[in-house]
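Please load the model in the viewer and keep a selection prompt at hand. The tour proceeds by selections, each followed by a short account of what is there.

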Amino acid sequence: MVHELSRQEARRIAVRAQRLDAPRPKSLVDLVRHFGVLQIDMTMAVAPSADLVCWSRLGSAYRPTDLEALLEDRSLVEYRSVIRPGEDIALFRAQMAQWPGRGRLPDWEHGIAAWVEANRACREEILQWLRSEGPLPARELPDNCAVPWRSTGWTNHRNVMKLLEFMEQRGEVAVSGRNGWERLWDLADRVYPDSPVMPVEEARAWRCQRRLKSLGIARSTGPECPAERQDVGETGEPAVIEGVRGTWRVDPEQLGRTFRGRAALLSPLDRLIVDRKRMAEIFEFDYTLEMYKPAARRRWGYYALPILYGDRLVGKLDAEADRRACVFRVNAIHRDTDFTEAMTDEIDQEIRDLAQWLQLHIEFA
């Protein structure tokens with residue numbers, strides 16, 4: 001059976017699955033376990049993305065120190081620049097052991113594997129340093145790479161950083177914490193829980209199931225993503241969305257449920273919208289993170305926060321946290337639709353709650 005959904009039904013499934021309906025969830029650890037991933041981005045225009053994602057669900061009861069405590073006691077761990085439940089490392093151990101993978105691999109993966117092998121001596125020296133010295137940032141580890149890392153981007157010649165990231169994928173090292181924005185690296189067996197190895201295909205199926213529970217509705221296939229995919233394979237049940245091409249997969253537990261929405265301000269990297277193609281197809285929302293654009297070419301602002309109201313994305317908040325001046329400066333509210341009086345009141349209250357949570361005085365331009 002293929003479920004026939006309206007766009008509104010699809011949106012409500014997505015919003016409920018992301019815990020952005022009413023009432024708010026209560027537990028941070030349960031929230032992250034439900035998500036499976038919490039993306040790390042330390043941009044401080046408003047607040048780090050992970051903190052914004054948690055605040056938008058839990059409200060002002062959330063404190064960044066709560067997240068730090070869960071990372072410190074290893075209830076949560078960082079793997080490939082996202083935060084995951086510690087027990088979920090079991091879903092990656094077989095993949096780590098097979099790195100870079102089995103079967104036919106693309107040329108670029110063979111190239112990475114050859115580069116890591118060419119720098120085996122440096123890799124072994126890094127492991128020895130960490131074994132004797134404990135957690136260290138990349139800048140304090142020896143760079144004795146026989147072959148430098150070549151890139152047309154900002155990672156060119158950043159040999160140790162790239163080697164550590166591939167060693168992380170191999171299950172040899174792990175991020176044990178952060179000193180500000182700087183990652184501290186240690187031996188993986190000192191950081192990750194001692195969990196059994198789950199076979200690759202079984203682990204992949206578990207991750208797809210978790211992903212669909214978190215997203216509610218998603219494509220079965222999609223492009224490769226560095227840390228966490230957006231597609232869900234054949235898990236769930238097939239569905240079509242009115243006015244949208246193709247077949248989707250839907251979490252059957254989300255079907256037929258009542259919906260009660262609310263206002264929410266979202267991180268630009270929120271899982272509800274980070275898949276920009278899905279965002280455009282289901283929510284019909286025009287949005288781009290513009291922090292990398294020249295100021296003159298920005299339509300909505302450096303780090304505009306999408307505004308959710310009920311099951312619709314209705315606008316963008318152009319605001320910034322000026323911590324030196326102790327001010328949360330609201331530059332503009334870009335409305336994609338006419339706001340009713342009730343919408344205006346609820347969204348304004350959410351903006352004021354954000355300023356209060358940041359412990360900044362609000363200032364409207």
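**Helix α8 and its surroundings**

In this predicted model, the buried residues of α8 pack against β3 (76-79), α5 (93-97), α6 (107-118), α7 (120-133), β5 (173-179) and β6 (182-187). Begin by selecting residues 159-169, which make up α8. The helix is mostly covered, with eleven of its eleven residues buried. Charged side chains may be highlighted here as well: K162, E165 and E168 are among the buried residues. Next, move to G171, just after α8, where phi is positive at about 80°.

**The strands β2, β3 and β4**

Select β3 (76-79) together with β4 (82-85). These two strands pair in the antiparallel sense through four bridges, and E78 has I83 in β4 as its bridge partner. They form a hairpin with two residues between them; in the turn, R80 adopts a positive phi of about 60°. Now add residues 38-39, strand β2, which runs antiparallel to β4 and is joined to it by two bridges. At this pairing, Q39 stands opposite V82.

**The cysteines**

How many disulfides does a search of the whole structure find? The count is zero. Select C122 and C145 to examine one pair: C145 holds the cysteine sulfur closest to that of C122, yet the separation is 3.8 Å, too far for a bond, because a disulfide requires sulfur atoms within 2.5 Å. C122 is buried, at 1% relative accessibility. Finally, select C326, which is partly exposed with a relative accessible area of 39%.

Terms used. Residues numbered from 1 in each chain as written. Predicted model: local features only at pLDDT ≥ 70, side-chain atom pairs only at ≥ 80, totals over all residues. Heavy atoms only, no water. Buried < 20%, exposed > 50% of the residue type's maximum accessible area, 1.4 Å probe, protein only. Contact = heavy atoms within 4.5 Å. Pairing = 2+ DSSP bridges.
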